[in-house]
Amino acid sequence: DSSDVALTTEWIYLPGGELDIGSAAKPYTHQATITLTDTVKDEDINTMGDRGIMMLNGTLSLHGDRGSNTGSKLAQTAKAGASLIAVLNAAGWRKGDVIVLASTDFNPRQAEERTIAAVSGNTLTLDRPLAYMHFGEITDGVDERGEVGLLTRNIKIQASADAEKTYFGGHIMAMAGSKMFVSGVELNRMGQYMHLARYPIHWHLIGDAGKGQYIQDSSIHDTYSRCVTVHGTNDVRVQNNVTYNT
């Protein structure tokens, strides 16, 4: 953990191997980016397809340091055109981080993504004004305050930008005997549209995983087939994640 690192590759296969970035005890503090490309089409790595991190008896252990405060709520209504918003808790959020404001309208397309230009306590300055109103009040005892999610993490797993046109993103798949411990990670342009069993992160027919496996404190956004898939697998924890634009 001495510098930023980046890996660009067609796929990663872990048949009994282990891929670590940081650990639960010592999360990674620099930037680590894995970009999955698709220059060789239609590969099939041990039935697990292409453009993925694919495990058979393998272990994936990814621990970033940006995960503790993954989301908050508006402290007051943010009007259309506003460049300042107040949230209940902006602890740990930084200039340059990307956030998403959930829609508080019947139209889900009023969700808005913005970059934080400045942070002052729990007040955020946005890089550009909001296009829509986002409600931030408690009404007759009902908490209707809009959610604000943090999308930025310092460990990022993504497909290359061509996936935005093909909807054929990356995927992470754990098969029999595999283990995944994922915390504080950003998954972007993941999942493969109209391809069965190719999801952003996927426990596949593990059976009883045993206590301890998880995806938590992470963000999963701009994906092409679901977010987290737990298929035929018991005893994994999915907790405190932000998902957007799936």
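# A walk from the surface to the core

Met-194 is exposed, with 69% of relative accessible area. The model in view is a predicted one, and Met-194 makes a convenient place to enter. This residue belongs to the loop between strand 18 and strand 19. Its backbone deserves a look: the phi angle of Met-194 is near 65°, a positive value in a residue that is not glycine. Most residues other than glycine have a negative phi.

Met-194 has company at the surface. Together with Tyr-167 and Tyr-193 it forms a nonpolar patch, and the accessible area of the three adds up to about 390 Å². Tyr-167 sits elsewhere in the chain, in the loop between helix 1 (163-166) and strand 16 (171-174). Tyr-167 counts as partly exposed because its relative accessibility is 43%, a value between the limits of 20% and 50%. Tyr-167 also has a positive phi, near 60°, and it too is a residue other than glycine.

The loop between strand 18 (185-188) and strand 19 also holds Pro-200. Is Pro-200 buried or exposed? Pro-200 is buried, because its relative accessible area is 0%. Setting aside neighbours within four places in sequence, its contacts include His-171, Ile-172, Leu-187, Met-190 and Gly-191, and also Ile-220, Thr-223, Ser-225, Arg-226 and Cys-227. Phe-106 is 94 residues from Pro-200 in sequence, and the two C-alpha atoms are 27 Å apart in space.

Two of the contacts of Pro-200, Ile-172 and Leu-187, lead into the interior. The largest nonpolar core has 29 residues, and the members that touch the most others are Ile-53, Met-55, Leu-60, Ile-157, Ile-172, Met-180 and Leu-187. Strand 19, residues 201-216, gives the most to this core, with five residues. What surrounds Met-55, leaving aside its neighbours within four places in sequence? Met-55 is in contact with Leu-14, Met-48, Leu-60 and Ile-172, with the run Met-173, Ala-174 and Met-175, and with Ser-178, Lys-179 and Met-180. A second core, separate from this one, has 14 residues, among them Leu-74, Ala-78, Val-87 and Leu-101.

Leu-101 connects the account to another loop. Ala-111 lies between strand 9 (98-101) and strand 10 (112-120), in the loop there. Apart from residues within four places in sequence, Ala-111 is in contact with Leu-101, Ala-102, Ser-103 and Tyr-244. Why does Ala-111 count as buried? Ala-111 counts as buried because its relative accessibility is 19%, and the limit is under 20%. Gly-64 is 47 residues away from Ala-111 in sequence, with 26 Å between their C-alpha atoms.

The last stop is a charged residue. Asp-217 is in the loop between strand 19 and strand 20 (219-221). Asp-217 is buried and yet has no salt bridge. Where is the nearest side chain of opposite charge? That side chain belongs to Arg-153, and it is 7.0 Å away from Asp-217, whereas a salt bridge requires a side-chain nitrogen of Lys or Arg within 4 Å of a carboxyl oxygen. Arg-153 is nevertheless among the residues that Asp-217 touches, when those up to four places away in sequence are not counted. The others on that list are Gly-67, Thr-70, Ser-183, Gly-184, Val-185, Gln-239, Asn-240 and Asn-241.

How values were computed:
Residues are numbered from 1 along each chain as its sequence is written. This is a predicted model: local features need pLDDT of at least 70, side-chain atom pairs count only at pLDDT 80 or more; totals for chains, interfaces and linings use all residues. Side-chain values use heavy atoms; hydrogens and water are left out. Helices (H or I, at least four residues) and strands (E, at least two) are DSSP runs, numbered from the N terminus. Buried means under 20% relative accessible area, exposed over 50%, partly exposed in between (1.4 Å probe, protein chains only). Contact means heavy atoms within 4.5 Å. A nonpolar core is a set of buried Ala, Val, Leu, Ile, Met, Phe, Trp, Tyr and Cys residues joined through side-chain atoms within 4.5 Å. Patches are made of residues with over 30% relative accessible area and no salt bridge: like charges are joined within 9 Å, nonpolar side chains (Val, Leu, Ile, Met, Phe, Trp, Tyr) within 5 Å. Accessible areas come from the Shrake-Rupley method with a 1.4 Å probe; for residues, only the protein chains shown count as cover. Lys and Arg count as positive and Asp and Glu as negative; His and the chain ends are not counted.
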